[in-house]
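The following exercises concern a predicted model with two chains. Each task is followed by a worked solution.

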Number of protein chains: 2
Amino acid sequence: MDIYERALKLHKEKKGKLEIKSKVKINDKNDLSLAYSPGVAAVSRLIASDKKSAYTHTNKGNTIAVISDGSAILGLGNLGALAAIPVMEGKCVLFKEFANIDAIPICLDTQDSEEIIKTIKYLAPNYGGINLEDIAAPRCFEIEARLKKELNIPVMHDDQHGTAAVVLAGLINALKIKNISYREAKIIINGAGAAGLAIADLLIKYGFSQLIVLDSKGVIHEGRSDLNLVKEKIAKLTNPEKKKGGLAEVIKNTDVFIGVSQGKVLTREMILSMREKPVIFALANPEPEIMPEVAKAAGAFIVATGRSDYPNQINNVLAFPGIFRGALDNKVDQITDEMLIQAAKNLASLVSTPTPNEILPNPFDKRVVVAVSKAIKVL
Amino acid sequence: MDIYERALKLHKEKKGKLEIKSKVKINDKNDLSLAYSPGVAAVSRLIASDKKSAYTHTNKGNTIAVISDGSAILGLGNLGALAAIPVMEGKCVLFKEFANIDAIPICLDTQDSEEIIKTIKYLAPNYGGINLEDIAAPRCFEIEARLKKELNIPVMHDDQHGTAAVVLAGLINALKIKNISYREAKIIINGAGAAGLAIADLLIKYGFSQLIVLDSKGVIHEGRSDLNLVKEKIAKLTNPEKKKGGLAEVIKNTDVFIGVSQGKVLTREMILSMREKPVIFALANPEPEIMPEVAKAAGAFIVATGRSDYPNQINNVLAFPGIFRGALDNKVDQITDEMLIQAAKNLASLVSTPTPNEILPNPFDKRVVVAVSKAIKVL
C-alpha cells in the first residue's frame, strides 16, 4: 500500500483522529453535582464576576481552535469545510502530541471574510488562542489582521507565520554554514501567497534587505498595476533596484532561492546562474520546485524541501506547537514578529554545528517545543 | 466545604473538565505522514468526492456540539458566553461518561437569533448533531426550529425536549401507580419558558388533553392579548374551558402539578384543593416550588423534584445521552416528537414496578442510555 492508501485505512479504522476525554469521573450523584448542576453554578458565578477565572477554572487556558474555511487545503486547493476536517484534526493531533495543547478543529462553511471574522469573534470566549489554517490568500491577510486587532487572545495564521519562522531558522543556519551575513545575502522568494509574503515580511524585519519576491506574473515591483494591497506593500519593501521580468532574469547572482509556489519552476540553468554555492529552499508541496539531487548536481550547496524523505525538511511542526505553548503559558495576547524572530533564533540554535544536511533540528527532538515556547513572551 | 466550594476546588485543580486526546500515535515521521501531510490529502480528496465519508473517516460521526449563548445558564440567568463555559463543559462530560459521545462545548458571544443561527450553520459540517443548551425563551424556539429546517443533522434544545421526555416518562409511571389513564388526568404546568412549553407540547402529542399552562402573568388562554407566537399556539391546544386567573384558582380538582418556573409558588392549600392523591413535580431549580416533605404532609402522593437529595429526581441526564447516542448510531437527521415519546416510554419501562418513591430509573443504571437510544430511529 502506498502512503495514501495507508492513510485512508488508518482514518477509517480510527473513525477520525481525536476524542474528547473527561478529566473528572462521574461515578455517582455526588460527582454529578460537582461537575454539573448544582455545583458548577459556583464556577459560572465566579467567571461572571471575574472573567480571568475562565483561564483557571475551565479548559480555556489550554485550548485553542484550529480554524479553516477549507479554501486552501494543503496543496489541494479549495475543497470546502467538510474536506478540511481530516487536515484540521491532524493539526490538532500535532498540537496535542508535540505541545500538550487541547486543540479543537473548526471547519467553517463560509468563505466570506466578514462572516469568518464575525464567526470567530463569536467563538473566541472558548479559547486561549486561534490558529488559522489553510485559508486562501489574500483573504487570509485581512482575516488575521482584523482578528488580531479585535480579539484579546493570540491569533496566528500558521501557513504564514509558522512557515516564516521555520524558514528564517533554516536560513540563519544555512548562512552560518556559508559564513555570509544577512546584510550580504541576496534572496529570491518565488511565490506571493500566504507563505511567500509572510516569509518576505519576517526576513525584512530580521534585517535582510536584498530581497526580490515573484508571483505568478513575475517580479513584484513598485508601479506594477496589478498588485493587491498586500503585494503593493511588499513591493515598497523589496526589490530596491526595481527589477522587472521573470525568475530566470532575477535569480542571477543571488545566494538564496526560497520557493513557496507550485510547479517545477526551478531549472539547472537558473541554479548555475546564481552565486557560488547557493542555498535552495524548494518548498512546493508535494513536488518541490526542483528535486534535491538535480539541484545538488547543478551546484546547490544546501537544499531544503517540505518533504520528510530528504534532509532539511522545512516543517511547520517545528514552530506552531511551541509558539502556542508559549502564548498560552506566558499569557501573551499578541504573537509579534519580534517573538517569531526570537523563536527562529532559538530553533536555529538547537543545531550546535549546522551542516549542509542538517540546518534544522529533528521535529521529534523534545527540546524544540521548549526552545520555541520560550520566545513567545512579552519582554 | 459546601458543594459550591467543593465544585470551585475541583474546577481549579483540574483546570477545566475536558481534554482532547489523539487516537493516533505520532512517534516518528511515518506516523506524521499518515495522520497529517501528505497522507491526509487522500482523506480530504475522498470526502470532497463523497461527503458521506466524513462520517466514516473523521470524528464527525461521533461528535456533537453543545452550544449556548449564555442567556439562561442553569437557574442563574443571563451571564453571557464566558460564564457558560463550565456548564457546557459539564454537559460534554456527561455526554462522554454516559454515552461515549465526543461533545464539544461552544459558548457564543452573541445573543442575536439570526447571528446564532448563521454561526451554527457555518459550524455544522464538523458535527453529527447539535445540542442547544441554556438559551433563553422565546429565542430558543425560533433558533431550534430554523436549524431543524435548515440543517441536515439532528438539532435538539435539551432544556426543552430532554426535559419533556423525562417528565413524560415520570408521568407515565406516576399515573400507572395511581391507576388513572392519560385521558382522565388533569394537569397543570406552571411555567411557560423553554421547558414548560415543550412539556405541554409533548404531553399533548402523547394524548393528554386536559392541560392548563400558566406563565408569570397567570393562565394562558385564547384571546389573552400579551402572548407571543409560541404561547398563542399553546393557548389553542390547551385549556379547553378557557379558564382564566391564577394558579390558586385553576389547580383546584386537578391530578398533576408540573412546576418549571421559579419561586416557592406552590402552597399547602393549593395541594389540598387538588384531587385526591395528587402528583407533584416541583422542578424549579435549585429551590423546588414546594419542599417534598411539605407537599407530602399536604397529601401529595408522588413528589418529584430536580434535586438529587430527594427521591424521584427528574434529571435530563436520563434522556440526552441516549437521545444523541441513538441519533448518531441510527443516523437520523431529525429527532421527532414520536421518537421522544418512545424514548419516554422506554425509560419508564425500565422501572418494572413503579412506586411513589421510584418512578424513574437511576441515571447510573447502564440500561438507561441503551433503552433511550433505541427509540431514536426512523421507523
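**Exercise 1. Backbone features in the loops**

In which loop of chain B is B:Pro138 found? Identify the peptide bond that precedes this residue, and then examine two further loop positions.

Solution. Step one: B:Pro138 is found in the loop between strand S4 (129-132) and helix H7 (139-150) of chain B. Step two: the bond that joins B:Ala137 and B:Pro138 is a cis peptide bond, with omega about 0°. Step three: a cis peptide bond also joins B:Ser37 and B:Pro38, again with omega about 0°. B:Pro38 has its place in the loop between H2 and H3 of chain B. Step four: turn to chain A, where A:Asp134 has a phi near 50°, a positive value in a residue other than glycine. This residue is in the loop between strand S4 (129-132) and helix H7 (139-150) of chain A. These features deserve a note because most residues other than glycine have a negative phi, and most peptide bonds are trans.

**Exercise 2. The extent and composition of the interface**

Determine how many residues each chain gives to the contact, and describe the side that belongs to chain B.

Solution. Step one: chain A and chain B each contribute 91 residues to the contact. Step two: between them the chains bury about 8,900 Å², of which 67% is on carbon and sulfur atoms. B:Ile20, B:Tyr36 and B:Tyr122 supply 9% of the area that chain B buries against chain A, more than any other three residues. Step three: count the polar contacts; there are 40 residue pairs of this kind between chain B and chain A, with both residues at pLDDT 80 or more. Step four: assign the contact residues of chain B to elements. Those giving two or more residues include helix H1 (3-14), strand S1 (18-22), helix H5 (80-99) and helix H6 (113-123) of chain B. The largest share, 14 residues, comes from H5(B). Step five: sort the residues on this side by class, which yields 47 nonpolar, 20 polar and 24 charged.

**Exercise 3. Salt bridges and paired strands**

How many salt bridges does the rule find across the interface of chain B and chain A? Give examples, and then locate the strands that pair between the chains.

Solution. Step one: the rule finds 6 salt bridges across this interface, while a search of the whole structure finds 52 over all chains. Step two: one bridge is formed by B:Glu115 and A:Lys118, whose closest N and O atoms are 3.1 Å apart. Step three: the side chains of A:Glu115 and B:Lys118 also meet in a salt bridge, at 3.1 Å from N to O. A:Glu115 lies in helix H6 (residues 113-123) of chain A and B:Lys118 in helix H6 of chain B, so this pair joins two chains. Step four: strand S1 (residues 18-22) of chain A is joined to S1(B) by 5 bridges, and the two strands run antiparallel. Within this pairing, A:Glu19 stands opposite B:Lys21.

**Exercise 4. The relation between the copies**

Which rotation superposes chain B on chain A, and which residue of chain B comes closest to the axis?

Solution. Step one: a rotation of 180°, with 0.0 Å of shift along its axis, superposes chain B on chain A with an RMSD of 0.0 Å. Step two: this is therefore the relation of a two-fold axis. Step three: B:Ile20 comes closest to the axis among the residues of chain B, its C-alpha being at 2.4 Å. Step four: the same surface serves both copies, as 100% of the contact residues of chain B recur in chain A.

Key:
Residues numbered from 1 in each chain as written. Chains lettered and ligands numbered in written order. Predicted model: local features only at pLDDT ≥ 70, side-chain atom pairs only at ≥ 80, totals over all residues. Heavy atoms only, no water. Contact = heavy atoms within 4.5 Å. Buried area = accessible area lost by both parts, 1.4 Å probe. Salt bridge = Lys/Arg side-chain N within 4 Å of Asp/Glu carboxyl O. Polar contact = N/O pair within 3.5 Å; in protein donor to acceptor, adjacent residues only side chain to side chain. Helix = DSSP H or I, 4+ residues; strand = E, 2+ residues; numbered from the N terminus. Nonpolar A, V, L, I, M, F, W, Y, C, P; charged D, E, K, R; others polar. Pairing = 2+ DSSP bridges. Least-squares fit on C-alpha atoms with pLDDT ≥ 70 in both.
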